[in-house]
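Me: I'd like to go through this model by question and answer. Please keep it short.

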Amino acid sequence: MKHLTDKTKKFVESATIEDRIHSCRNSKWIGYTQASKIMNKLEELLIYPKTVRMPNLLIVGDSNNGKTAILDKFKQKNLSYVDEDVRVISPVVLVQAPPEPDERRFYNAILEVLYAPYRTSEKLDSRYLRVKKLLLNLKTKVLIIDEIHHVLAGSPSKQRKFLNVIKHLSNDLQISLVCSGTKLAFNAIQSDQQLANRFDPRVLPRWNNDIELKRLLVSFEALLPLKEESLLIEPSMSNKILSLSEGLIGEIAKILELSSIEAIKSGKEKITKEILNNIDYISPEDRKKKFIS
């Protein structure tokens, strides 16, 4: 089992079949090149000194191509803690943009992740001041807004108002904003010239059949609890995985999850082309066709 990490090897040697199948379903963090670069950039924002013009980051990519996984990993590395003065510190706050550009829903989302109660009758000005005070007291340095492309679901006037809200929040608190979304996120941020100038865009492209894909597959294989080597980087295997996944890392992870479970159940203990051809998996494009039909 030389293809496995030491930790995975020890687990495979002692785990039951059920435990190994459960392990296949656990999410796996792979620090591939672009993810590592973005993680480094996020860490830089945490130590950036307060200034009138704080740097911001825009992470753009197709759905299911790793954006949220990176943000969740960053959040997990910077969880809330209690300092020496017994005060709760939350350096990173992560929220999801409301389904449409609505100021009240945005404040509610922040209050909810901070476990702060709110009344539906509370005025917007009061709610903003409470959000601002909470983030100040928690010494928040980075506010992450996922699914920022939802801003485009509203009218132009609602879009402008919502973008002004996040801009003012960043200015008042002197904290960095990290926004994440699909390619439409570019349009959302570019609609406000002041915001656009402050955001450093980072793109997560779809995967291609290159050395980066091979490194990714090697990393995945080292974490899959299989006793035999699957040789996922062999051209026919990597081509098949890339084709099925349409170059989306979330789809690659799902394909390998289903395939490794089948490899364990069948007793083959490795992923084969036959298994890839027979797993219960529907590609993103085929899902669209089924939905349309």
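**Sheet, helices and cysteines**

Me: Helix α3 lies across which strands, and at what angle does it run to β7?
Reply: In this predicted model, α3 covers residues 33-46. The helix lies across β1 (56-61), β4, β5, β6 and β7. Its angle to β7 is about 155°.

Me: Which strands does helix α5 touch, and what angle does its direction make with that of β4?
Reply: Helix α5 spans residues 103-113 and packs on the sheet. It touches β4 and β5. With the direction of β4, the angle is about 130°.

Me: What is the strand order of the open sheet, and which are the edge strands?
Reply: Five strands pair in parallel, in the order β4-β5-β6-β1-β7. An edge strand pairs on one side only. That description fits β4 (92-96) and β7 (199-204).

Me: What is the average twist from one strand to the next?
Reply: The sheet is open, with five strands. From each strand to the next, the twist averages 15°.

Me: How many residues of β6 are buried, and which point each way?
Reply: Ser 176, Val 178 and Ser 180 point one way from β6. Leu 177, Cys 179 and Gly 181 point the other way. Both sets are buried. The count is six of six.

Me: Which residue of β6 is the bridge partner of Leu 58 and also stands opposite Ile 145?
Reply: Four bridges join β1 to β6, running parallel. Four bridges also join β5 (142-146) to β6 (176-181), and there Val 142 stands opposite Ser 176. Leu 58 has its bridge partner in β6, and Ile 145 has its opposite residue there too. The residue is Cys 179.

Me: What is the hand of the crossover from β5 to β6?
Reply: The chain leaves β5, passes through α7 and reaches β6. This is a β-α-β crossover. Its hand is right-handed.

Me: What is the span of α7, and what span is expected?
Reply: Helix α7 runs over residues 156-173, which makes 18 residues. At 1.5 Å a residue, 26 Å is expected. From first C-alpha to last, α7 reaches 26 Å.

Me: Which residues of α7 are buried, and why might they recur at such spacings?
Reply: An α-helix has 3.6 residues a turn, so residues three or four places apart point the same way. The buried residues of α7 include Gln 159, Phe 162, Ile 166, Leu 169 and Leu 173. Also buried are Leu 163, Val 165, Lys 167 and Ser 170.

Me: How many disulfides are there?
Reply: A disulfide needs two cysteine sulfur atoms within 2.5 Å. Cys 24 is buried, at 3% relative accessible area, and Cys 179 is buried, at 0%. The disulfide count is zero.

Key. Residues numbered from 1 in each chain as written. Predicted model: local features only at pLDDT ≥ 70, side-chain atom pairs only at ≥ 80, totals over all residues. Heavy atoms only, no water. Helix = DSSP H or I, 4+ residues; strand = E, 2+ residues; numbered from the N terminus. Expected span 1.5 Å × (residues − 1). Buried < 20%, exposed > 50% of the residue type's maximum accessible area, 1.4 Å probe, protein only. Pairing = 2+ DSSP bridges. Axes fitted to C-alpha atoms, helices over the stretch in contact; angles between N-to-C directions. Contact = heavy atoms within 4.5 Å. Right-handed = clockwise from strand over helix to strand, strands pointing away.
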